[in-house]
Amino acid sequence: MALKEKYATIQFKNLGDGRGNLVAVEGGHDIPFDIQRVFYIFGTDNSVVRGQHANKESEFVLVCLAGQCKVRITDGNDTDIVYLNSPSQGLYINKMIWKDMFDFSEDSVLLVLASTHYNADEYIRDFDEYKNIMRGL
Ligand code: TYD
């Protein structure tokens, strides 16, 4: 399956009015899985690269609620970079995709919705091991 079929940007509906903006996301509707976990990354120095792993089981949707950051996505073969700078935009990432988050602005708040509870055993943190798995070795 091509890399582009393993991630997608999602434009959330803005339910805002004269009072300001409001975005609502529901698991199984706006988010293509049931949300089991929420975490958020903030106060990140611009030089920091986070992520640097693939997940055997978890799917994610990333939303940059404030500020901006970039996400590098690779399947070990192709690589894409997605720029996140809007609370109305989500980035869906399927399981078994290697991801790095970087270029965080000082004010960035990156919300992550996950399809699983946290389980350290489903993380692949060695890129060579990841590439071998993807090559079927
Ligand atoms: P880490 O996996 O390094 O975060 P990133 O997604 O940026 O790679 O996680 C940092 C620490 O937080 C590590 O000790 C594991 C813990 N953690 C949880 O307990 N639950 C979670 O949902 C996440 C994402 C991390």
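## Close-up views of a predicted model

**View 1. Lys 131 and its partner in helix H1.** Lys 131 is partly exposed, with a relative accessible area of 21%. In this predicted model, the side chain of Lys 131 takes part in a salt bridge with Asp 128, in which the closest N and O atoms stand 3.8 Å apart. Both residues belong to helix H1, which covers residues 127–134, and the three residues that separate them in sequence correspond to about one turn of the helix. The pair belongs to a set that comes to five salt bridges in the model.

**View 2. A salt bridge between strand E6 and the segment before strand E1.** Asp 80 and Lys 4 meet through their side chains in a salt bridge, with an N to O distance of 2.7 Å. Because Asp 80 lies in strand E6 (residues 79–84) while Lys 4 lies in the segment before strand E1 (7–11), the pair ties together parts that are 76 residues apart in sequence. The two partners fall into separate accessibility classes: Asp 80 is buried, at a relative accessible area of 17%, whereas Lys 4 is exposed, at 57%.

**View 3. A salt bridge between strand E5 and the loop between E8 and E9.** Lys 70 is joined to Asp 103 by a salt bridge whose closest N and O atoms are 2.7 Å apart. Since Lys 70 is placed in strand E5 (residues 69–74) and Asp 103 in the loop between E8 and E9, this pair ties together parts that are 33 residues apart in sequence. Lys 70 counts as partly exposed, with a relative accessible area of 27%, and Asp 103 is likewise partly exposed, with a relative accessibility of 30%.

**View 4. Ser 108 in the loop between strands E8 and E9.** The loop that holds Ser 108 runs between strand E8 (98–102) and strand E9 (109–114). Ser 108 is buried, and its relative accessible area is 1%. From this position the side chain of Ser 108 reaches the backbone oxygen of Ser 105, at a distance of 2.9 Å.

**View 5. The ligand and the residues around it.** The residues around the ligand are Arg 37, Phe 39, Arg 50, Gly 51, His 53, Tyr 118, Tyr 123 and Arg 125, and by character this shell divides into three nonpolar, two polar and three charged residues. A polar side-chain atom of Arg 37 is found 2.6 Å from an oxygen atom of the ligand, and an N or O atom in the side chain of Arg 50 is likewise 2.6 Å from a ligand oxygen atom. For His 53, the distance between a polar side-chain atom and an oxygen atom of the ligand is 3.1 Å. Taken alone, the ligand exposes 520 Å², of which the protein buries 60%. The elements that contribute two or more residues to the shell are E2 and strand E3 (50–55), and E3 provides the largest share, namely three residues.

**View 6. A nonpolar surface patch that includes Tyr 40.** On the surface, Val 38, Tyr 40 and Phe 42 form a nonpolar patch, and together these residues have about 340 Å² of accessible area. Tyr 40 is placed in strand E2, which spans residues 37–42. Tyr 40 counts as exposed because its relative accessibility is 51%, and the cut-off for that class is over 50%.

Terms used: Residues are numbered from 1 along each chain as its sequence is written. This is a predicted model: local features need pLDDT of at least 70, side-chain atom pairs count only at pLDDT 80 or more; totals for chains, interfaces and linings use all residues. Side-chain values use heavy atoms; hydrogens and water are left out. Patches are made of residues with over 30% relative accessible area and no salt bridge: like charges are joined within 9 Å, nonpolar side chains (Val, Leu, Ile, Met, Phe, Trp, Tyr) within 5 Å. Accessible areas come from the Shrake-Rupley method with a 1.4 Å probe; for residues, only the protein chains shown count as cover. A salt bridge is a side-chain nitrogen of Lys or Arg within 4 Å of a carboxyl oxygen of Asp or Glu. Helices (H or I, at least four residues) and strands (E, at least two) are DSSP runs, numbered from the N terminus. Buried means under 20% relative accessible area, exposed over 50%, partly exposed in between (1.4 Å probe, protein chains only). A residue is near a molecule or strand if one of its heavy atoms lies within 4 Å of it. A polar contact is a pair of N or O atoms within 3.5 Å; within protein, one must be able to donate a hydrogen and the other to accept it, and residues adjacent in sequence count only if both atoms are side-chain atoms. Ala, Val, Leu, Ile, Met, Phe, Trp, Tyr, Cys and Pro count as nonpolar, Asp, Glu, Lys and Arg as charged, and the others, Gly among them, as polar.
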